[in-house]
Amino acid sequence: MNNFTPREIVSELDRYIVGQNSAKRAVAVALRNRWRRQQVDPELREEIAPKNIIMIGPTGVGKTEIARRLAKLAQAPFVKVEASKFTEVGYVGRDVESMVRDLVELAILMVKAEEARDQRIKAEDLAEERLLDLLLPGEKTLSDSPDGSSTTRDKLRRLLRMGELNERMVEVETQDVQMPNMQVFGPQGPEEMGFNIKEMFGNIFPKKTKRRRMKVSEAREMLIEIEAEKLVDMEKVQSLAKERTEQNGIIFIDEIDKIASREGGRGPEVSREGVQRDILPIVEGSTVNTKYGPVRTDHILFIAAGAFHVAKPSDLIPELQGRFPIRVELESLDEADFVRILTEPHNALIRQYQALMATEGINLEFSADAIKELARTAARVNERTENIGARRLHTIMETLLEELSFNAPERPDKRFQIDDAFVRGRLAKIADDEDLSRYIL
């Protein structure tokens, strides 16, 4: 994160997302401001709050993908939640604080994986010793012979490092504490207990020993993971994870328009406003209790998104509007955008299907006219039915290649060329019939 300028962040996002430059610029500045805040004098640093963002745009235009790629770029804990899943305190549904608890859990996993990687060299040595014990039980204390030749254990160690023993079978013993399933039901539904049951009762409940027979190469990797996990200092992990959550965490609240209350304020409208009021303190900055201790939300970046077809951002309660000072509108995708989405991104759909068919030995080729015809069909169906943006391309590609995907393993001809005539033949009838389009595309 320290090395990326806003221009470089936008350039990196361009590799995966077509268009939407205003949204990319907004998130790039928000990410860079985090780095800038870290350089500020500590006294003032605490006062600088993140500038939260609302993305306004129809489904399938890249709102979630922008936030997800941004988090990956920043190596930051990231969770996506749907505002419509939460309910006001006292109703059945998820508690809004659970989004922060989910973020901490994710940060724990991230930091634990990093710490395990740091311990890998030491873990490799320990795993090697355990493997030698399995391959040569009872020979651990042999000393060198008088003529200076290596012991049997040393010879085995050399063979092991050279990969000569990779195919030999060994029995590895693993232990697992058999815990009873415990779940607590609160007013907001099932939530985790505020302590780690394994830590409290791990010595009381029986440990189940499992013996697994596997190749040395597989056993080595498994033992490295086991040993690395033993070497990880969980107190350090929890401390780092809490700090990373508080300073770098990103929470993406999707469908925020679904909790915007329109005029009237009766029935479900009251609950919608209640959810907004419950979300407000978390976005404003509060302390949430988690099983790893209290976590402050003052500097977590919140990115909200919604289509706002019926409601408007101004329908949100004024206090919540004030906590999302940056508004960006994402444009609907047209035919030209679909052509770019099919071909340009690093993970373009055409490349994905070519890679999938290559596993069956089939060389799948698309002509430029075929790609244009696919884009035209997607745009036409989006206009005539619901506009679901780039997601329409997934259903169109599946329908187009359904027969090839089914017959691929038995197909004798390993080259498959798709042109515009093939696309029209497979899709024209469905695309032209509005009722068929609704069911199939």
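Two strands count as paired when DSSP finds at least two bridges between them. In the predicted model described here, strands β7 and β10 meet this criterion, with four bridges in the parallel sense. Within this pair, Ile251 stands opposite Phe302 of β10.

The protein has 441 residues, and 42% of them count as buried. Its secondary structure consists of 18 helices and 13 strands. Contacts between residues at least 6 apart in sequence were also examined; 77% of these join residues at least 24 apart. The exposed surface amounts to about 24,200 Å². Carbon and sulfur atoms supply 49% of that area.

Five strands form an open sheet. Their order is β2-β7-β10-β1-β11, and the pairing is parallel. Strands β2 (78-82) and β11 (326-329) are the edges, each pairing on one side only. From one strand to the next, the twist averages 20°.

The pairings can be followed from the β2 edge across the sheet. Strand β2 is joined to β7 (residues 250-254) by five bridges, and the two strands run parallel. Phe78 stands opposite Ile250 of β7. Further along, Val81 has Ile253 of β7 as its bridge partner. The pairing of β7 with β10 is also parallel and comprises four bridges. Strand β10 covers residues 301-306. It pairs with β1 in the parallel sense, over four bridges. Here Ile56 stands opposite Gly306 of β10. On the β11 side, β1 again pairs in the parallel sense, with four bridges to β11. The bridge partner of Ile54 in β11 is Arg327.

Strand β7 is largely enclosed by the rest of the structure, because five of its five residues are buried. Both of its faces are covered. On one side lie Ile250, Phe252 and Asp254, and on the other Ile251 and Ile253; all are buried. A similar description applies to β1 (residues 53-56), whose two faces are likewise covered. Ile53 and Met55 occupy one side and Ile54 and Ile56 the other, and all four are buried.

Asp254 of β7 is an acidic member of this strand. Its relative accessibility is 13%, so Asp254 counts as buried under the 20% cut-off. Beyond its neighbours within four places in sequence, Asp254 is in contact with Thr64, Lys80, Val81, Glu82, Ala83 and Ala305.

Helix α5 (residues 98-118) lies across part of the sheet, over β2, β7 and β10. The helix runs at about 150° to β2.

Helix packing was examined for α15 and α17. Two packed helices are described by the angle between their axes and the distance between the axes. For α15 (residues 368-384) and α17 (residues 420-432), the angle is about 10° and the axes are 9 Å apart. Angles under 35 degrees count as roughly parallel, and α15 and α17 are therefore roughly parallel to each other. From α15, the contact is made by Asp369, Ala370, Glu373, Leu374, Thr377, Arg380, Val381 and Arg384. From α17, Asp420, Val423, Arg424, Leu427, Ala431 and Asp432 take part. By class, this contact has six nonpolar, one polar and seven charged residues.

The loop between α15 and α16 (391-407) contains Ala390. With a relative accessibility of 18%, Ala390 falls under the 20% limit and so counts as buried. Apart from its neighbours within four places in sequence, Ala390 is in contact with Gly60, Leu333, Phe338 and Ile341. Ala390 and Ala379 are eleven residues apart in sequence. In space, their C-alpha atoms are 9.2 Å apart.

Note on methods: Residues are numbered from 1 along each chain as its sequence is written. This is a predicted model: local features need pLDDT of at least 70, side-chain atom pairs count only at pLDDT 80 or more; totals for chains, interfaces and linings use all residues. Side-chain values use heavy atoms; hydrogens and water are left out. Axes are lines fitted to C-alpha atoms, for helices over the stretch in contact, and angles run from 0 to 180 degrees between N-to-C directions. Angles under 35 degrees count as roughly parallel, over 145 as roughly antiparallel, 65 to 115 as roughly perpendicular and the rest as oblique. Contact means heavy atoms within 4.5 Å. Ala, Val, Leu, Ile, Met, Phe, Trp, Tyr, Cys and Pro count as nonpolar, Asp, Glu, Lys and Arg as charged, and the others, Gly among them, as polar. Buried means under 20% relative accessible area, exposed over 50%, partly exposed in between (1.4 Å probe, protein chains only). Accessible areas come from the Shrake-Rupley method with a 1.4 Å probe; for residues, only the protein chains shown count as cover.
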